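Take a look at the protein chain below. Keep it in view as you read.

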Amino acid sequence: MCAQSAEHKMETETEGDERQGEQRKRRKLSKVWDHYKLKREQNTVQCVYCKTELAYHNSTTSMLQHLSRKHPLYASSLPSGSNSKSQSGTLDSFVQRAPSCSTAQAADFTDRILNMIVTDMRPLSMVEDEGFQKMIFAFNPNYALPSRTYFMKIMEKKYEDIKGKLKNMLKETDSIALTIDIWTSVATEAYLGVTCHFLGEDWGMESHSLTTMPLEERHTATNIAEWIEDVIAKFNISPEKIKAVVHDNGANVVAAAKILAEKNGWASVRCAGHTLNLVVQGALKKNQAISKCVAAARCLVEHFKKSELACTKLKDKQQQMGTPSHMLVQDVSTRWNSTFHMLSRLLEQRWPVTAALSDPAVTPRGKHYLDLKPEQWDVIQELNQALEPFEGATVFLSGQEYVTLSALPQLVQSLKKSIQTPAFETAPVKSYHTDVTEQITARWQGLDVFQPESNHILLAAALDPRFRKLKFLSPDEVFKVQSTVQTLALAAKKEAKQKNASEIGSPITTQDKPLTSAKSLLEKILGSSDSSTSDEEDEEQQLSQNVQKEVLMYFGEHPLSKKENPLSWWKVNAARYPTLSKLAQSFLCIPATSTPSERLFSAAGNIASKRRASLSSEHVDMLTFLHCNHRLL
């Protein structure tokens with residue numbers, strides 16, 4: 001009886017093994033197993049894409065449903081009969097076999113997709129879009145596109161990597177300038193933008209984003225100053241390395257810069273672009289005739305922007321008259337140069353615009369006032385001529401890949417001359433000429449641009465080989481600037497000497513004692529106190545003479561051509577002027593405007609768009625940082 005039961009048990013086990021073998025065989029034949037991993041002990045399967053675990057009871061139905069619901073792209077690639085051997089083994093599957101995708105290749109694909117999202121400012125949710133998934137599947141069906149959550153994780157890791165690279169770069173430099181600005185997103189969240197600027201080892205201008213920091217408290221001067229200090233601490237920047245903070249003319253920001261100047265000795269530099277905007281806007285608004293003319297031009301442009309019929313007729317007239325097919329430009333009240341662009345485009349399109357407005361179908365009888373009068377066109381033409389130098393100055397000063405601050409004094413003088421040169425005929429533009437001259441004088445004299453002592457703008461100009469003669473100053477003022485440069489150079493020379501001595505110095509050993517005793521005996525005989533004091537004085541005098549010689553030789557050279565790059569000149573001549581070259585690195589890295597920090601918000605505005613209004617402020621900061629520092633990717 002026992003023998004029979006044992007024999008029956010063996011037959012049952014054999015049948016069970018055969019049944020499990022058949023199940024494993026069927027499982028291998030089903031293509032759905034290409035997308036899952038079996039966990040035998042837990043009786044579950046795990047999706048290879050989203051890592052979701054499903055209960056497994058010898059059926060692939062729930063697995064197919066999960067693929068169809070969460071990963072339709074991969075579900076569509078399955079044959080209609082998922083367990084059909086004949087369908088899975090068709091000739092096409094062997095002939096048109098997709099290329100394999102190794103782990104290294106998959107990691108490279110994922111990294112390139114993330115770089116594309118960051119560089120082109122695409123939303124991370126794009127990886128879940130059906131069209132994007134189909135495109136990736138067409139490139140390589142064996143590449144498992146990770147989820148949005150996974151891309152968010154590797155984006156955070158990429159942020160830490162690039163942040164580490166930037167920290168190392170900032171560690172190697174001695175002089176850094178900051179630009180700051182505050183901005184509000186479409187989600188009504190306030191951000192502080194901070195960028196850093198410095199000269200690299202090869203005298204190339206380096207500009208990088210530090211943060212687009214979310215602001216949750218009131219924008220008081222004290223808070224802004226603390227936030228800026230938090231940013232430099234985040235990147236391990238020593239406060240002694242910060243030479244200047246460039247900012248706009250907002251009262252709270254100006255007060256914050258003053259706090260930082262008193263606490264850390266950072267120079268406060270007001271944005272030249274913002275000041276130019278105030279100068280031109282003030283002069284335009286002060287003259288009523290010009291204000292009315294600009295308002296009429298604005299009304300005319302709005303008419304063409306709102307009327308489809310008028311816009312179509314304008315295109316027809318442009319083709320008939322051979323005028324460029326350009327759209328009219330609408331100005332923005334806060335940007336004077338947008339007014340310049342609006343007037344320039346109107347002048348270009350004057351005759352097509354006039355012809356389109358003369359059509360009764362476009363302009364009803366009651367709206368003929370839209371067309372500008374001949375005298376208004378004359379004012380616009382002269383005003384456009386008067387504003388053109390300011391447009392060129394604004395564009396030049398907004399650059400961040402070349403030296404700008406040192407050119408500001410010469411640029412101000414050139415603007416004054418450019419206004420006085422043309423003989424304007426219309427009374428409104430003549431009045432504007434007087435008003436804008438007064439505005440320039442008031443704005444920049446109030447900012448001490450032409451005050452020689454301890455002014456970063458003038459010192460930057462003196463250390464720029466193009467403007468070292470300082471022709472825009474009187475002889476007495478030139479002497480004061482050169483004396484200030486010599487004083488700063490001597491202080492820098494002493495500091496460098498002390499630093500080298502502290503690095504080279506070593507503790508006294510027992511071998512040094514006999515020499516020290518002999519030296520002390522000699523000092524007793526010759527008079528130690530007087531001789532040591534004399535030696536120190538001689539050494540200091542020699543140091544002062546060397547610095548003075550270097551300064552005199554530098555200012556004695558002919559100025560560099562305005563077309564030349566001053567940084568290239570310093571790269572070649574740094575060995576001839578070792579002390580002044582260090583000073584030049586401190587002053588020439590300072591931008592003339594806070595435009596770099598404003599550009600952060602152009603990127604942040606695209607990132608924190610309506611489609612991504614739910615994106616956290618921390619991730620906005622990370623994505624903006626990666627986009628603006630994409631050269632380090």
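This report covers the chain, one helix pair and the nonpolar cores.

The model is predicted: local features need pLDDT of at least 70, side-chain atom pairs count only at pLDDT 80 or more, and totals for chains, interfaces and linings use all residues. Residues are numbered from 1 along each chain as its sequence is written, and side-chain values use heavy atoms, without hydrogens and water.

The protein chain has 26 helices and 8 strands. These are DSSP runs, with at least four residues (H or I) for helices and at least two (E) for strands, numbered from the N terminus. Of its 633 residues, 44% count as buried, meaning under 20% relative accessible area with a 1.4 Å probe, protein chains only.

The axes (lines fitted to C-alpha atoms over the stretch in contact) of helix 12 and helix 15 come within 12 Å and cross at roughly 65°. That makes helix 12 roughly perpendicular (65 to 115 degrees) to helix 15. The table lists the residues that meet, with contact meaning heavy atoms within 4.5 Å.

| Helix | Residue range | Residues that meet the partner |
|---|---|---|
| helix 12 | residues 288–306 | L300, H303, F304 |
| helix 15 | residues 350–357 | V353, A356, L357 |

F304 returns in the largest nonpolar core, which has 92 residues. Such a core is a set of buried Ala, Val, Leu, Ile, Met, Phe, Trp, Tyr and Cys residues joined through side-chain atoms within 4.5 Å. Helix 16 (residues 374–397) gives the largest share, 9 residues. Apart from this core lies another, of 64 residues, including L78 and C196.

Terms used. Axes fitted to C-alpha atoms, helices over the stretch in contact; angles between N-to-C directions. Parallel < 35°, antiparallel > 145°, perpendicular 65-115°, else oblique. Buried < 20%, exposed > 50% of the residue type's maximum accessible area, 1.4 Å probe, protein only.
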